[in-house]
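Trainee: I have a structure open on my screen and no clue how to read it. Could you walk me through a few features?

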Amino acid sequence: MNHKKEQLLLDVQDLHVSVDGTEILRGLNLQVKAGEIHAIMGPNGSGKSTLANVLAGREEYQVDRGTVRYNGLDLLELSADERACEGIFMAFQYPVSIPGISTAYFLRSALNSIRRYRDESEVDPIDFLEMIRSKIELVGIDEKLLQRAVNDGFSGGEKKRNEILQMAVLDPKLAILDETDSGLDIDALRIVAEGVNSLHADDRAIIVVTHYQRLLDHIVPDHVHVLSEGKIVRSGDKTLAQELERVGYTGLGVDDARART
Amino acid sequence: MATEAIDFWTDTVRATAQRLNEAEDGLRERREGALQRFQANGFPGRKDEEWRYTPLKKLANGPCHQLLPGSTRIPVQADLPIEAVARVVLVNGEFQEQLSDFSSLPAGIKVASLASLRKQDSGAIVDFLSSSFPQQNHPFESLSDAMLDDGIWIDVTPECRDEVATIHILHAFDGSRGAGSAHVTGTIRCAPGTRLRVIEEVRSEGEVLGNIRWGVALGEDATIDRVRVIRPGCDTIFHGTRVVQQAGSRFHDLMVCSGSNLVRNEILTIHSGPRCHVELLGIYTARGIEVVDNHTTIEHAAEDCTSREIYRGVLSQKGRGIFTGMIHVHPDAQRIDAKQSNDTILLSRDAEMNSRPRLEIYADDVKCTHGATVGELDEEALFYLRSRGIQLDEARRMLVRAFASEVISGLDPEELREFIVAELEQSIPEGGECAP
C-alpha cells in the first residue's frame, strides 16, 4: 500500500472546503498518478469547479479539513504561483481578460517566472517566439493573437484555445481543465481536445472537469468520478461517462444541487 | 485667507516687483495689479471650490516665499532617453545659456529667454503676455505676474512647416541651500500649419515651489505634441498651461508624475475655431502623503471640435489624487465630440481620490461622455497571473504597467516609454499599504 502511494502525483484525502461559510466539498478523496487522465463529472453545484480552484490555489476558498499531497509536497502550504512553478496548471472556465498586457509578454513572463523558480535561464523574446510558433499550430490560433492583450476581445473559442496554448508553453505535471468545453462549438471543442491529447504524456496527469460527456468523446479518460454534494459518489472507467450520458445524473441517483434548492 | 503668514509672501513679492519695475520694461502695471490681487487674496483655502482638496497651507506658512537664487549651478545631467534639436535649461527660473544648446535648431524656430527679450523688445512681449495670460485672481498666476522676470519664448514661424522639431526643456529648482520659490513664464507661438514637439522635464531638490506657466497660441492647422515629466523627488510644483487654438489645430499633452510632494497641473484650452482637437493624457502615482491634482478646462467655443481626456492614477499609502475636469460646450458649438475619463487604482485603504467631472453643455448636437472609476487591482486578474507562476509582486507590477500602458501606448520612442513606466513602477511601494 505504501509503495503504491509513493507513485501518486496527487493525493487528496478527506477534503472539506467552504466559501463564505458555506461548505462545498465535504470529504473528497482523489488519487491521481502521472500519465493518467481523470474526468470529474457532476451536476451544477456539486463542487467540481471548487475542487479545480482549490487545487490551483484560489484564496477565497477555505480548507476546513483534509490534506492534499502533490508530488511529495503539502500542496495547501503553497501559494498559487508556487503551485504553478511546481507544475500545476488550471485552464480557467472563464479566462480573465487583461487589457494592456500582450499575450506574448504575459506568456513569456509566466514561463520565465517558472524557469527562475527552477533555477533555469530565462528565455529571451526571440527564442520565445521561435518556441511558441510550434505550440500555436497545435491549438490552431492566429499568431497575431499573441500581440493582442490577454483575452481582451477574444471569442469564447479563442479564450479556450489560449488556455491550452498556455498549458503547452508552461508544460505542467498536473493539468486541470475546468469546464473547458463550456461555450465551445463542436469544431472548437475538437481542436481544444486535440491540443490536450497531444499534451498527454507519461509524466503528466490531466484532470478534466466537465458537466457533459461530449468532451470525453475526444479526450478519453482512464478514470471517471461522479461528484455529488461535495463528495465523489461513483468512480469507474470511461464506461461510467457513457452510462451517465444514457441515464443522466438523476438516473445515477444524483440530484442537481441547484435545481433542488 | 489673508492671514499673517501671507505677509511674508507679500513682502517678498512687493520687494521683487519693485526691483524688476526699475527696468521700465512696460510690465509695471501688470506686476502691480498682480501684487494687489495676491495681497488681497493670498493662497486659497478649503472654502474655494477650485482649490478645495489641494493642501496649500504648508506652502503658505512655509519658508518658500523667499526667491531661490538664480545663480546656483546644480548638476544637470540629461538622462531622459530622447533626441531633441534644442535643449533649454532653466535653473531656479533663470535661463542658463551655458547649459542650453540651440546649435541644431532649424532656422524657422526662434527660442530666446524672456529676460533678454524684455530688454530688446518689451512692446511685443507686453502684447503677447496680455493675450496669453489674462490678469485674473489666481494665486500662482498672480505670483508669476507680480514677479515676471525670466522664462522662455518659443516662436515657430511659417518657415518650418515641413519639419517636426523636438525641443527639450528642463526646469531645475534647487532648494538645497535654502527653501524658496521660482516663477517661470513660457510662451509658444506656432504659425499656421507648423508642428512642434516639446518634452518638458521638471526636477527639484530641497524645499521649493516651482511655479511654471505656459501661454500657447496655435495657428490654423498647427500641432503641438507635448510630454511633461515631473521627475520623482519634486517638492511643490504648480504647472499651468493656457492654450488658444485656431481652426484645425491640435494640442496633445501627456503629463507624467511620480514621487513628488504636491503637484497641481492646470490646463485650459480654448477652441476658438472649428475642427480643433485636444488630447489631454495623464498618468501619475502618489504615495506617502503626496498629492497630485489635475485641473482641466476645455472650452469648446467653436463647432466640429473634439477632445479626448484620460487621467489615470495609482495611489498607495496615504497618497491622494484630485481630478477636476470641466468640459464647456458653448451655444452654437455644434457637433462636438468630447470624451473624458479618470481612472484610479487605490492600493491602500488610506489612499484617497477626489474626482470631479464637470460638464456644461449649451449646444444640442453634441456627443459628450465622461466616466470615473476608482478601484483596487483586479483580484481575478491577479489570480490569473499568479496561477501561471507569476509572483504576487510581479503580478501587481504587471497590472499597474497595463493600467499605465493604455495612457502612454502612443508615446515614442519606446525607450522613453519604458523609462517612464520604470520610474512610475519605482514609486509604488511593495504592498501599497502604510507601514504598521
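## Reading the model together

Mentor: Sure, let's start with the inside. The largest nonpolar core has 101 residues, and Leu10(A) and Ile207(A) touch the most other members. Keep in mind that this is a predicted model.

Trainee: What is the general idea behind a core like that?

Mentor: In soluble globular proteins, nonpolar side chains tend to be buried together.

Trainee: And which residues does Ile207(A) touch?

Mentor: Leaving out residues up to four places away in sequence, Ile207(A) touches Leu10(A), Leu30(A), Val32(A), His38(A), Ile40(A), Leu55(A), Leu174(A), Ala175(A), Ile176(A) and Leu177(A). There's also a second, separate core of 51 residues, and Ile188(B), Ile237(B), Phe251(B) and Leu346(B) are among them.

Trainee: Okay, helices next. How do I describe two that pack together?

Mentor: Two packed helices are described by the angle between their axes and the distance between the axes. Try helix 2 (residues 28–41) and helix 6 (residues 139–146) of chain B: their axes come within 7 Å and cross at roughly 145°. That crossing is left-handed.

Trainee: Which residues make the contact?

Mentor: Helix 2 of chain B brings Arg30(B), Arg31(B), Ala34(B), Leu35(B), Arg37(B) and Phe38(B), while helix 6 of chain B brings Pro139(B), Ser142(B), Leu143(B), Asp145(B) and Ala146(B). Sorted by class, that's six nonpolar, one polar and four charged residues.

Trainee: Is there a reason for the spacing of those numbers along a helix?

Mentor: Here's the general idea: an α-helix has 3.6 residues a turn, so residues three or four places apart point the same way.

Trainee: Now helix 7 of chain B: is it mostly covered or mostly uncovered?

Mentor: Mostly covered. Six of the eight residues in helix 7 (residues 379–386) of chain B are buried, namely Ala381(B), Leu382(B), Phe383(B), Tyr384(B), Leu385(B) and Arg386(B). Look at the N-terminal end as well: Asp378(B) caps it, with a side-chain oxygen 3.0 Å from the backbone nitrogen of Glu380(B).

Trainee: What about a charged residue in a strand? Is Arg228(B) buried or exposed?

Mentor: Arg228(B) sits in strand 7 of chain B. Its relative accessible area is 1%, and the cut-off for buried is under 20%, so Arg228(B) counts as buried.

Trainee: What does the side chain of Arg228(B) make a polar contact with?

Mentor: With the side chain of Asn265(B), at 2.8 Å. Apart from neighbours within four places in sequence, the residues in contact with Arg228(B) are Glu200(B), His239(B), Asp253(B), Leu254(B), Met255(B), Val256(B), Asn265(B) and Ile267(B).

Trainee: Can the backbone have oddities too?

Mentor: Look at phi. Asp14(A), in strand 1 (residues 8–19) of chain A, has a positive phi of about 50° although it isn't a glycine. Asp14(A) is partly exposed, at 30% relative accessible area.

Trainee: Where is Asp221(B), and what is its phi?

Mentor: Asp221(B) is in the loop between strand 6 (195–218) and strand 7 (223–230) of chain B. Phi there is near 60°, again positive in a residue other than glycine. With 44% relative accessibility, Asp221(B) is partly exposed.

Trainee: And the peptide bonds?

Mentor: Check the one from Asp412(B) to Pro413(B): it's cis, with omega near -10°. You'll find Pro413(B) in the loop between helix 8 (392–408) and helix 9 (414–426) of chain B.

How values were computed. Residues are numbered from 1 along each chain as its sequence is written. Chains are lettered from A and ligands numbered from 1 in the order in which they are written. This is a predicted model: local features need pLDDT of at least 70, side-chain atom pairs count only at pLDDT 80 or more; totals for chains, interfaces and linings use all residues. Side-chain values use heavy atoms; hydrogens and water are left out. Buried means under 20% relative accessible area, exposed over 50%, partly exposed in between (1.4 Å probe, protein chains only). Helices (H or I, at least four residues) and strands (E, at least two) are DSSP runs, numbered from the N terminus. A polar contact is a pair of N or O atoms within 3.5 Å; within protein, one must be able to donate a hydrogen and the other to accept it, and residues adjacent in sequence count only if both atoms are side-chain atoms. Axes are lines fitted to C-alpha atoms, for helices over the stretch in contact, and angles run from 0 to 180 degrees between N-to-C directions. A crossing is left-handed if the near helix is turned anticlockwise from the far one by less than a right angle, and right-handed if clockwise. Contact means heavy atoms within 4.5 Å. Ala, Val, Leu, Ile, Met, Phe, Trp, Tyr, Cys and Pro count as nonpolar, Asp, Glu, Lys and Arg as charged, and the others, Gly among them, as polar. A nonpolar core is a set of buried Ala, Val, Leu, Ile, Met, Phe, Trp, Tyr and Cys residues joined through side-chain atoms within 4.5 Å.
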